[in-house]
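Let us test some labels against their definitions. Have the structure ready.

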Amino acid sequence: MTSIVPEPALRSFLEEATARYEAALHSPAGDRAAEYLTNRGLSEDSVRSFRLGYVENPLPGHESAHGYISIPYITRAGVVTVRFRRLGDGDGPKYRSLPGDPPRIYNPKALLVPSDYIAICEGEFDTEITEQVDIPAVGIAGVSAWKDYFARCFKGYKAVFILADADDKGQGMEFAEKIAPQISNGRISPMAEGHDVTSFFCDFGGAAILERLEITR
């Protein structure tokens with residue numbers, strides 16, 4: 001079984017990759033990728049906080065992700081894996097994961113934030129947008145990436161908002177309905193028809209997300 005925390009040598013390699021791709025995003029070569037992230041509603045602070053990058057010169061083993069956006073999974077142990085997102089509507093799979101990598105929770109540091117509530121999102125970008133609205137949020141890379149033991153992480157919250165996309169053919173609700181029965185105080189919170197979290201934020205703003213979840217401050 002693959003360890004959840006990679007060995008030190010692999011963590012060092014993943015940190016090197018993250019730093020290289022992060023630097024490329026903030027170079028002229030990464031202008032198109034940076035514009036793509038801006039168009040998805042991500043602030044510069046969010047991009048830097050999540051250490052997003054652009055694969056201009058891939059390290060060995062990452063060649064298939066050339067031209068993709070890099071999304072590191074960061075824990076207290078450091079970078080434990082990197083996922084890659086195709087830039088726009090180009091060729092190749094929409095997402096690429098490292099071979100043999102086990103399913104993981106994205107942005108687990110949100111679980112350490114003192115809060116009565118937390119959100120679970122389908123995908124990394126929706127997680128980043130939700131965090132940008134100051135809602136602690138974690139991400140799961142699709143229905144198949146959810147593991148039953150993840151539910152233990154969400155004990156003790158007054159509300160666990162499961163943000164369901166409504167811009168697909170029902171996969172978003174399938175994702176939410178699979179998770180909700182396993183989580184005490186889980187609340188399925190669908191986006192408006194035709195939207196995922198990111199597009200809803202871009203069209204209506206962060207206050208509309210707070211209002212939809214009935215979060216008052």
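Short questions and answers follow.

This is a predicted model, where local features need pLDDT of at least 70, side-chain atom pairs count only at pLDDT 80 or more, and totals for chains, interfaces and linings use all residues. Residues are numbered from 1 along each chain as its sequence is written, and side-chain values use heavy atoms, without hydrogens and water.

Q: Why is the chain called as compact as a globular protein of its length?
A: The globule rule is 2.2 Å times the number of residues to the power 0.38, and the radius of gyration is taken over C-alpha atoms. For 217 residues the rule gives 17 Å, and the radius of gyration of the chain is 17 Å, so the label fits.

Q: What share of the chain is buried?
A: Buried means under 20% relative accessible area, with a 1.4 Å probe and protein chains only. Of the 217 residues, 50% are buried.

Q: What share of the contacts in the chain with a separation of 6 or more joins residues 24 or more positions apart?
A: A contact means heavy atoms within 4.5 Å. The share is 63%.

Q: What makes up the lining of the largest pocket, by class?
A: Asp, Glu, Lys and Arg count as charged; Ala, Val, Leu, Ile, Met, Phe, Trp, Tyr, Cys and Pro as nonpolar; the others, Gly among them, as polar. The lining has 11 charged, five polar and five nonpolar residues.

Q: Which classes line the second largest pocket?
A: Its lining has 13 nonpolar, one polar and two charged residues.
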